[in-house]
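Visitor: I should like to go through this model with you, beginning with its ligands. Could you take me through the contacts one by one?

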Amino acid sequence: MAPSPTDDYRNFAVTKGHGVKGLSDLKLDALPEQYIQPVAERLDMTKVLKKESIPVIDMSNLDDPNVADQIAAAAEKWGFFQIINHGVPIEVLENVKEATHRFFALPVEEKIKYTQEQSPTNSVRLTTSFLPKVDKVLEWKDYLSILVSDKKSSEFWPSTCKNDVKEYVEKSEFVMKWLLKALMKGLNVDMDSKESILMGSTRINLNYYPVCPNPELAIGVGRHSDVSTLTFLLQDNVGGLHIRKMDTDTWIFVPPVEGAIVINIGDALQILSNGKYKSAEHCVAANGSKDRISVPIFTNPSPDDIIGPLPEVLKNGEKPIYKHVLYSDYVKHFYRKSHDGKHTLDFAQM
Ligand SMILES: COc1cc(/C=C/C(=O)SCCNC(=O)CCNC(=O)[C@H](O)C(C)(C)COP(=O)(O)OP(=O)(O)OC[C@H]2O[C@@H](n3cnc4c(N)ncnc43)[C@H](O)[C@@H]2OP(=O)(O)O)ccc1O
Ligand SMILES: O=C(O)CCC(=O)C(=O)O
Ligand SMILES: [Fe+2]
């Protein structure tokens with residue numbers, strides 16, 4: 001049921017489980033005030049650089065040492081890059097995008113079975129905004145988050161998207177491992193000894209950004225860096241992702257590229273590499289005319305791993321800039337507060 005004038009849009013979207021998809025379906029003339037971001041949190045389009053872009057790296061010849069070098073260089077300079085000819089079949093990418101649309105098109109009675117209040121497991125959770133109990137101003141996004149590495153919970157994955165999500169995760173694992181191997185080579189670290197800390201747990205989010213009234217006043221996802229080791233992000237052809245150019249107040253648009261996957265360095269790898277690889281701040285603009293989806297796979301350390309600068313990185317006398325922290329403490333710290341740029345990393349600062 002639509003919210004009455006005395007009802008509250010926050011209640012409708014969050015408590016009643018309609019999400020921003022439900023609000024978008026109401027075809028409101030104006031953005032509800034609960035979604036109007038302070039000016040500093042909106043994306044200022046005059047600050048988006050027209051002439052800069054992140055690298056697009058062709059992975060068709062993995063025997064070419066240049067490919068690994070380009071990946072390490074992009075991780076250092078940008079913290080973000082796109083990959084093409086990566087070996088994940090286009091059909092698998094298309095299927096998971098369709099599965100995401102199918103899930104969010106379900107009636108609200110079906111979807112609320114996955115909210116924190118009703119889901120039989122913490123490992124499968126449908127949320128709107130980022131942390132709706134904490135966010136003062138809500139973000140224009142609904143997302144289903146699945147902790148893939150909790151194998152016991154797979155019986156609770158929504159049947160409408162389960163097989164396609166599983167296939168996408170399985171097919172991307174080889175690429176993720178190859179990328180991490182290239183990144184470890186750039187640090188003179190042997191990947192085999194680090195696989196469990198780099199790839200100890202996996203989470204996938206299905207992100208849904210429906211058409212938004214007054215998109216210039218809202219934000220799809222606020223400024224943040226990911227807490228992962230590496231994020232493997234599939235976006236559709238709508239666009240909206242922007243990354244902050246390192247040490248500036250300018251932004252770079254990440255254009256949709258047919259068949260490409262966007263890769264970004266997460267905080268865990270910034271810490272493990274002692275700051276050599278950068279987890280760039282990014283955000284997602286809301287869109288006034290098209291629904292958008294994206295599907296990030298986050299590969300992470302295990303919750304019980306201790307992360308800190310790798311000894312191999314420090315062996316030449318480099319000073320550690322991060323301390324050792326329990327990864328689950330780091331993630332809980334991230335989940336305690338609304339998005340606030342790169343400040344999550346302060347938790348591990350020396
Ligand atoms: C940009 O917008 C985003 C981004 C993201 C995520 C980005 C990432 O980088 S995800 C990578 C995170 N790492 C992992 O998932 C590693 C594996 N995680 C775990 O094993 C566990 O989640 C844990 C970190 C060990 C915590 O588990 P546990 O001790 O069992 O506690 P929980 O009850 O699961 O959660 C505690 C507390 O955290 C919040 N929370 C946890 N998971 C989620 C989730 N999927 N979505 C929202 N919030 C979550 C929550 O506040 C919990 O407290 P409650 O009392 O409210 O339950 C994600 C979303 C974006 O929009
Ligand atoms: O939707 C996107 O393009 C990015 C989403 C994102 O940054 C995230 O889920 O962490
Ligand atoms: Fe992100």
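**Ligands and cores**

Guide: In this predicted model, a polar side-chain atom of serine 145 lies 3.4 Å from a nitrogen atom of ligand 1, a polar contact being a pair of N or O atoms within 3.5 Å. Residues are numbered from 1 along each chain as its sequence is written, and chains are lettered from A and ligands numbered from 1 in the order in which they are written. Local features need pLDDT of at least 70, side-chain atom pairs count only at pLDDT 80 or more, totals for chains, interfaces and linings use all residues, and side-chain values use heavy atoms, without hydrogens and water.

Visitor: How far is the polar side-chain atom of lysine 141 from an oxygen atom of ligand 1?

Guide: That distance is 2.7 Å for lysine 141. For arginine 203, a side-chain N or O atom is 2.6 Å from an oxygen atom of ligand 1.

Visitor: How much of the accessible area of ligand 1 does the protein cover?

Guide: The protein covers 80% of the 1,100 Å² that ligand 1 has on its own, by the Shrake-Rupley method with a 1.4 Å probe.

Visitor: Which element gives the largest share of the shell around ligand 1?

Guide: That is α10, with 6 residues; helices are DSSP runs of H or I with at least four residues, and strands are runs of E with at least two, numbered from the N terminus.

Visitor: Turning to ligand 2, which residues surround it?

Guide: Among them are Asn207, Tyr209, His224, Asp226 and Arg292, each with a heavy atom within 4 Å of the ligand.

Visitor: Which polar distances are there to oxygen atoms of ligand 2?

Guide: A side-chain N or O atom of tyrosine 209 is at 2.6 Å, a polar side-chain atom of arginine 292 at 2.8 Å and one of histidine 224 at 3.2 Å. The protein covers 95% of the 300 Å² of accessible area that ligand 2 has on its own.

Visitor: Which element gives the most to that shell around ligand 2?

Guide: Strand β13 does, with 4 residues.

Visitor: Now the interior: which residues of the largest nonpolar core touch the most other members?

Guide: They are Leu144, Tyr168, Ile204, Phe232 and Leu269, out of 74 residues. Such a core is a set of buried Ala, Val, Leu, Ile, Met, Phe, Trp, Tyr and Cys residues joined through side-chain atoms within 4.5 Å, where buried means under 20% relative accessible area.

Visitor: Which helix supplies the largest share of this core?

Guide: Helix α6, residues 162-185, supplies 11 residues.

Methods
A polar contact is a pair of N or O atoms within 3.5 Å; within protein, one must be able to donate a hydrogen and the other to accept it, and residues adjacent in sequence count only if both atoms are side-chain atoms. Buried means under 20% relative accessible area, exposed over 50%, partly exposed in between (1.4 Å probe, protein chains only).
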